[in-house]
Amino acid sequence: MTSLLVRPQSPDADGKVLEVTPQSAGWDHVGFRVHRLQKGQRLSGETGSREHCLVLLSGRATVAGAGERWEDIGERMDIFDKVPPYSVYLPDGADFEVEALTDLEIAVCSAPGHGNHKARLIAPQQVKCSTRGGGTNTRHIHDILPETEPADGLLVVEVYTPPGNWSSYPPHKHDVDNLPEESILEETYYHRLNPSQGFAFQRVYTDDRSLDETMAVDNGCCVMVPRGYHPVGAPHGYELYYLNVMAGPKREWKFKNDPEHDWIVQQQ
């Protein structure tokens with residue numbers, strides 16, 4: 001098994017099924033975990049030195065944190081309903097609690113925080129929806145926490161890739177401090193498939209191939225992208241969803257396409 005692929009486990013006492021920390025990933029910024037809570041179950045935590053974005057992947061919940069409280073939020077009961085989710089931004093130095101009002105799947109995204117922003121609800125109508133690419137390179141985007149919205153370091157986006165299509169394609173990377181052309185951002189991909197017994201493929205590779213891993217990704221797996229290009233392919237018959245979390249030294253998403261494949265986007 002490649003070290004870049006993180007598989008889900010049985011829920012622990014807090015419903016946690018998957019976790020990536022800076023320590024486990026060997027990097028400095030991105031933290032990511034997924035909890036699956038049963039109706040009535042509560043999740044309590046502290047943001048510590050890290051800002052958080054709680055994304056309600058499916059289900060309804062009441063969320064309290066940093067002196068704020070949001071009652072009975074969440075309208076997407078299945079990720080593949082394809083409506084934008086409810087999310088909550090929390091600054092560093094905050095306590096929080098999540099009460100599951102239905103069975104709930106929630107993603108906890110984090111990065112180093114600097115106390116610059118207040119807690120807030122990110123409602124579905126605040127999420128920009130768009131479509132990128134064309135033909136078998138078409139994918140549909142929900143910008144949950146883009147760089148145009150306030151945060152210290154976090155960038156959070158979800159993507160739907162139709163069956164038989166490619167995504168994060170042509171292959172691109174963001175691992176060099178060369179603004180405005182390219183920025184350094186660590187990244188996680190949390191994958192879900194519809195139907196759930198499906199699989200997808202993700203490759204992570206560098207120009208010199210010192211890193212070159214191709215992974216068969218099952219439903220609920222997470223892929224870590226410390227550097228390099230990272231395209232994704234969805235086989236015929238299976239729709240692919242992924243939630244991206246990015247963070248780095250500067251909160252700017254500037255990427256470089258693989259020069260050998262850049263001709264593809266030039267023709268779109």
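Two residues are in contact when heavy atoms of the two lie within 4.5 Å. The structure discussed here is a predicted model, and this notion of contact serves throughout the account of its individual residues.

The overall form comes before the details. The protein contains two helices and 25 strands. Its C-alpha trace extends over about 50 × 40 × 35 Å along the principal axes. A compact globule of 268 residues would have a radius of gyration near 18 Å, and the value for the protein, 18 Å, agrees with that expectation. Of the 268 residues, 56% are buried. The exposed surface amounts to about 11,600 Å², of which carbon and sulfur atoms supply 46%. Among contacts between residues at least 6 apart in sequence, 72% join residues at least 24 apart. As for charge, there are 25 positive and 39 negative charges, and the mean positions of the two sets are 2 Å apart.

Phe-80 illustrates how a loop residue may touch distant parts of the chain. Phe-80 is situated in the loop between β7 (68-73) and β8 (87-90), and it is counted as buried because its relative accessibility is 14%, where buried means under 20%. Leaving aside residues up to four places away in sequence, Phe-80 touches Tyr-160, Arg-192, Leu-193, Asn-194, Glu-239, Leu-240 and Tyr-241. His-174, by comparison, is 94 residues from Phe-80 in sequence and 28 Å from it in space, C-alpha to C-alpha.

The loop that holds Phe-80 also contains Lys-82, between β7 and β8. Lys-82 is partly exposed, with a relative accessible area of 42%, and its phi is near 70°, a positive value in a residue other than glycine. Ala-66, in the loop between β6 (61-65) and β7, likewise has a positive phi, of about 55°, although it is not a glycine. The relative accessible area of Ala-66 is 39%, so this residue is partly exposed. These backbone values merit attention because most residues other than glycine have a negative phi, and most peptide bonds are trans.

Two peptide bonds that precede prolines are also of interest. The bond from Tyr-169 to Pro-170 is cis, with omega near 0°, and Pro-170 lies in the loop between β15 (166-167) and β16 (172-173). Leu-179 and Pro-180 are likewise joined by a cis peptide bond, with omega about 10°; Pro-180 is in the loop between β17 (175-178) and β18 (182-184).

Two further loop residues may be set side by side. His-29, between α1 (22-25) and β3 (31-37), counts as buried at 17% relative accessibility. Its contacts beyond four places in sequence include Pro-22, Arg-50, Glu-186 and Pro-249. Pro-150, in the loop between β13 (139-145) and β14 (155-161), is partly exposed, with a relative accessible area of 34%. Pro-150 touches His-117, Arg-120, Leu-145 and Arg-251, residues up to four places away in sequence not being counted. Tyr-89 is 61 residues from Pro-150 in sequence, yet the C-alpha atoms are 9.5 Å apart.

The cysteines remain. With a cut-off of 2.5 Å between cysteine sulfur atoms, the count of disulfides is zero. For Cys-53, the nearest cysteine sulfur is that of Cys-109, 5.3 Å away, so Cys-53 is in no disulfide under that cut-off. Cys-53 is buried, at 0% relative accessibility. Cys-222 is also in no disulfide, the nearest cysteine sulfur being that of Cys-221 at 8.7 Å. Cys-222 too counts as buried, at 0% relative accessibility.

Definitions and conventions. Residues are numbered from 1 along each chain as its sequence is written. This is a predicted model: local features need pLDDT of at least 70, side-chain atom pairs count only at pLDDT 80 or more; totals for chains, interfaces and linings use all residues. Side-chain values use heavy atoms; hydrogens and water are left out. Buried means under 20% relative accessible area, exposed over 50%, partly exposed in between (1.4 Å probe, protein chains only). Helices (H or I, at least four residues) and strands (E, at least two) are DSSP runs, numbered from the N terminus. The radius of gyration is taken over C-alpha atoms; the globule rule is 2.2 Å times the number of residues to the power 0.38. Accessible areas come from the Shrake-Rupley method with a 1.4 Å probe; for residues, only the protein chains shown count as cover. Lys and Arg count as positive and Asp and Glu as negative; His and the chain ends are not counted. The place of a charge is taken as NZ of Lys, CZ of Arg, CG of Asp or CD of Glu.
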